[in-house]
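Colleague: I am new to this structure. Please take one part and look at it closely, then work outwards from there.

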Amino acid sequence: NTTGSNNTFVGNQTGKDNNTGTLNSFFGFQAGIFNTVGGSNTFIGYQSGYSNLSGNSNSFLGRASGFYNTSGSSNTFTGIYSGFNNTTGSYNTFSGYMAGVSNTTGNQNASFGQESGYSNTTGSNNVLVGFYAGRFIADGTTSATVLNNSVLLGHTSKPQADNQTNQ
C-alpha cells in the first residue's frame, strides 16, 4: 500500500497489492489480493474479489464471489461462486449459490436463486428469479448463453432459444 487510505484488510494476503485504492474492506484469505486502485469495495470470503484491479463500489460476499472481476463496478454478488467469471460487467446483482457464475461482460442483470442466470455470458438487462432460472433454453439441455432484456420467473424457467431478446 503506497497512498491508499481508509482501508481494512483482515486475512492472509488480503489486499496484498493495494496501491492507491481507498475505502476498501476485505475479509478472508486472499480477498481482493490483486486490487491496486479499486475503491469503495467490500469483499468478504475466501478469494472474494480475487482478481479485482480497478473495479469500484462492489460488494462480494461468499467464497470466490466475483473471483475474475477486474474492472466491473457497482456489482453485488452474494453466495458461493456468484458472479465468479464476471470481468468487466457492471451494475449486476447475483444472489445465490453460483448465481450469474458465467457472466463475463453482461451489465444490469439481476439473478436470484441457485444457479439462476448460470449460462448467461454477455447478455444484459435481465431479471432471472428461481432455481436454474435462465440456465437452459426450452429444450432443457442447451445452455442459454446470451439473454437480453428478458424476465424469467420460476424454477427452471427458460427462454425459447439462445440469443433471444424480450423473453
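Modeller: Let us begin with Gly-45. This glycine sits in the loop between strand 3 and strand 4. The model is predicted, so every value here is computed from it. Gly-45 has a relative accessible area of 16%, and is therefore buried, since buried means under 20%. Its contacts, leaving aside neighbours within four places in sequence, are Phe-27, Gly-28, Phe-29, Ala-31 and Gly-62. Another residue to find is Phe-26. From Gly-45 to Phe-26 the C-alpha distance is 8.3 Å, and 19 residues separate the two in sequence.

Stay in that loop. Gln-47 also lies between strand 3 (42-44) and strand 4 (59-61). Gln-47 is buried as well, because its relative accessible area is 15%. Now look at its backbone. Most residues other than glycine have a negative phi. Gln-47 is not a glycine, yet its phi is positive, about 60°.

Asn-149 makes a useful companion to Gln-47. Its phi is near 50°, again a positive value in a residue other than glycine. Asn-149 belongs to the loop between strand 9 (147-148) and strand 10 (151-153). Its cover is another matter. Asn-149 has a relative accessible area of 37%, so this residue is partly exposed.

Go back towards the N terminus for Leu-23. Look for it in the loop between strand 1 (8-10) and strand 2 (25-27). Leu-23 is partly exposed, because its relative accessibility is 48%. Leu-23 touches Ser-5, Asn-6, Asn-7, Ser-40 and Asn-41, with residues up to four places away in sequence not counted. Take Asn-7 from that list. The C-alpha atoms of Leu-23 and Asn-7 are 5.0 Å apart, with their positions 16 residues apart in sequence.

Now step back to the whole chain. The protein chain has 11 strands and 0 helices. Read from the N terminus, every element is β. The C-alpha trace spans about 55 × 20 × 20 Å along its principal axes. The radius of gyration is 16 Å, which agrees with the value near 15 Å for a compact globule of 167 residues. Buried residues make up 47% of the chain. The accessible surface is about 6800 Å², and carbon and sulfur atoms account for 52% of that area. Consider contacts between residues at least 6 apart in sequence. Of these, 7% join residues at least 24 apart.

Next, the interior. The count comes to 1 cavity of 30 Å³ or more. About 40 Å³ of space lies inside the largest cavity. Which residues line the largest cavity? The lining is Phe-94, Gly-100, Asn-103, Asn-109, Ser-111, Gly-117, Asn-120 and Leu-128. By class, that lining has 2 nonpolar residues, 6 polar residues and no charged ones.

Two of these lining residues deserve a visit. One is Leu-128, in strand 8 (residues 127-129). Leu-128 counts as buried, because its relative accessibility is 1%. Its contacts, neighbours within four places in sequence aside, are Ala-110, Ser-111, Phe-112, Ser-116, Gly-117, Ala-133, Leu-147 and Leu-152. Ser-111 and Gly-117 from that list also line the largest cavity. Gly-100 is another lining residue. Leu-128 and Gly-100 lie 28 residues apart along the chain, and their C-alpha atoms are separated by 9.6 Å.

The other is Asn-109, in the loop between strand 6 (93-95) and strand 7. Asn-109 counts as buried, because its relative accessibility is 4%. With residues up to four places away in sequence left out, Asn-109 touches Tyr-91, Asn-92, Thr-93, Phe-94, Asn-103, Asn-120, Gly-123, Ser-124, Asn-125 and Asn-126. Phe-94, Asn-103 and Asn-120 also belong to the cavity lining.

Finish at Tyr-118. This tyrosine is in the loop between strand 7 (110-112) and strand 8. Tyr-118 touches Met-98, Gly-100, Val-101, Ser-102 and Arg-135, residues up to four places away in sequence not counted. Gly-100 in that list is part of the cavity lining. Tyr-118 and Tyr-81 are 37 residues apart along the chain, and 11 Å separates their C-alpha atoms.

Notes: Residues numbered from 1 in each chain as written. Predicted model: local features only at pLDDT ≥ 70, side-chain atom pairs only at ≥ 80, totals over all residues. Heavy atoms only, no water. 1 Å grid on protein atoms, 1.4 Å probe; cavity = no way out; pocket = protein on both sides within 12 Å on 5 of 7 lines; lining within 4 Å. Points joined across faces, edges and corners; volume = space filled by probe spheres on them. Nonpolar A, V, L, I, M, F, W, Y, C, P; charged D, E, K, R; others polar. Helix = DSSP H or I, 4+ residues; strand = E, 2+ residues; numbered from the N terminus. Rg over C-alpha atoms; globule rule 2.2 N^0.38 Å. Buried < 20%, exposed > 50% of the residue type's maximum accessible area, 1.4 Å probe, protein only. Contact = heavy atoms within 4.5 Å. Areas by Shrake-Rupley, 256 points an atom, 1.4 Å probe, with all protein chains shown as cover.
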